[in-house]
Amino acid sequence: MEYPNLLPRFLKYVKVNSRSDEHSDRFPSTEREENFQKNIIMKDLEELSLSDIHYNQKAGSLIAEIPANVDYDVPVMGFLAHCDTADFNSENVKPQVHENYDGESKIQLGDSEFYLDPAVFPNLKNYKGQTIITASGDTLLSGDDKCGISELMTFAEYLMNHPEVKHGKIRLAFTPDEEIGTGAEHFDVKDFGADFAFTVDGEAPGKLDWGTFSAAQFNLDIQGVNVHPAVAKGQMINAIQVGIDFHNQLPEHDRPEHTEGREGFSHLSHFDGTVDHAHLDYIIRDFERDGLEERKNLVKSIVKKMNDEFGTERITLKMNDQYYNMADELKKHMDIVDLARECI
């Protein structure tokens, strides 16, 4: 294998729980993210003898540098990968390595009842003869974005061991809280020190993304009135039903299961409730800022209309923006996109 440490590195990283928490009041949102950065990634960077390795507490980012090996000035290039994993069980991950996949068989996920079926996931056929790594069926694998971390570590190792490959200064950043949409707002661009940078976090090889959704999130808290159902007429207000009524007023098509390409959506990610109280969490996505604002305004108008009908504020809305489409800025710097495209 040309990169013998790539797979062992990845298998080591995915076993570490570094899940973020959108309900946390701290930054980074979890201590386990920091521990992963400081106790594991930092030590691996030190073993590779990279320079300027430091943890920026305010930014929640681990920074390192691959020193230049040319004696002339070139722009400083950067690469980033995020350390947190998504909102799913990330404890006691047991990665399963399936070598020389035949492109046809179902892939059993550990000893669980779950499997990956090419009939359901036809892209599996593209990986005939390759090694596929999966979870064991009861946890997240956390390949997003520990694939990216493993790749950047291996990239750094290769350049440090091959000085014949000439390059300028290269900065690396390992960041927190990407999965909950808050890590970037704390990022210290000056400390990072790159003139331009690429995030290593994507899909299949050769996939280049230079635009994203613009994003917001909101939650609803609904206060109901619980009355014995035998005498409930005209008195009970079922908070669960109110949540359902709200959801049904959003455009039916504009859900992730119905949209594709550049279509935006509203996604109900959590619904918990009783007759007394219900809580709903949503994310909103749209490629256009105007479209994002329209979706936000629709939510506000539905909540207002329903509260007006109740004659009191039974639905409490909390909403905030998460991030905006990076294409709005990259359109001014297409040379960076073209450089990446040329490399691919």
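## A salt-bridge tour

Across the whole structure, a search turns up 17 salt bridges. Keep in mind that this is a predicted model. Let's visit a few of them.

Before zooming in, show the whole protein as a cartoon: 8 helices and 13 strands, with C-alpha atoms filling a box of roughly 80 × 45 × 35 Å along the principal axes. Colour by charge if you like: there are 34 positive and 63 negative charges, and their mean positions sit 2 Å apart.

**Stop one: helix H2.** Select residues 31-47, then show the side chains of glutamate 34 and lysine 38, which lie 4 residues apart, about one turn of the helix. They meet in a salt bridge, 3.1 Å from N to O. Glutamate 34 is buried at 6% relative accessible area, while lysine 38 is partly exposed at 30%. Now add Arg26 to the selection: Arg26, Glu34 and Lys38 are linked in a network of salt bridges.

**Stop two: strands S2 and S8.** Pick glutamate 65 and arginine 171, whose side chains form a salt bridge at 2.7 Å, N to O. This pair links distant parts of the chain, with glutamate 65 in S2 (residues 61-66) and arginine 171 in S8 (residues 170-175), 106 residues apart. Is each partner buried or exposed? Glutamate 65 is buried at 13% relative accessible area, and arginine 171 is buried at 5%.

**Stop three: helix H6.** Move to residues 289-310 and select glutamate 293 and lysine 296, 3 residues apart in this helix. Their side chains meet in a salt bridge of 3.1 Å, N to O. Here glutamate 293 is partly exposed at 29%, and lysine 296 is buried at 8%.

Terms used
Residues are numbered from 1 along each chain as its sequence is written. This is a predicted model: local features need pLDDT of at least 70, side-chain atom pairs count only at pLDDT 80 or more; totals for chains, interfaces and linings use all residues. Side-chain values use heavy atoms; hydrogens and water are left out. Helices (H or I, at least four residues) and strands (E, at least two) are DSSP runs, numbered from the N terminus. Lys and Arg count as positive and Asp and Glu as negative; His and the chain ends are not counted. The place of a charge is taken as NZ of Lys, CZ of Arg, CG of Asp or CD of Glu. A salt bridge is a side-chain nitrogen of Lys or Arg within 4 Å of a carboxyl oxygen of Asp or Glu. Buried means under 20% relative accessible area, exposed over 50%, partly exposed in between (1.4 Å probe, protein chains only).
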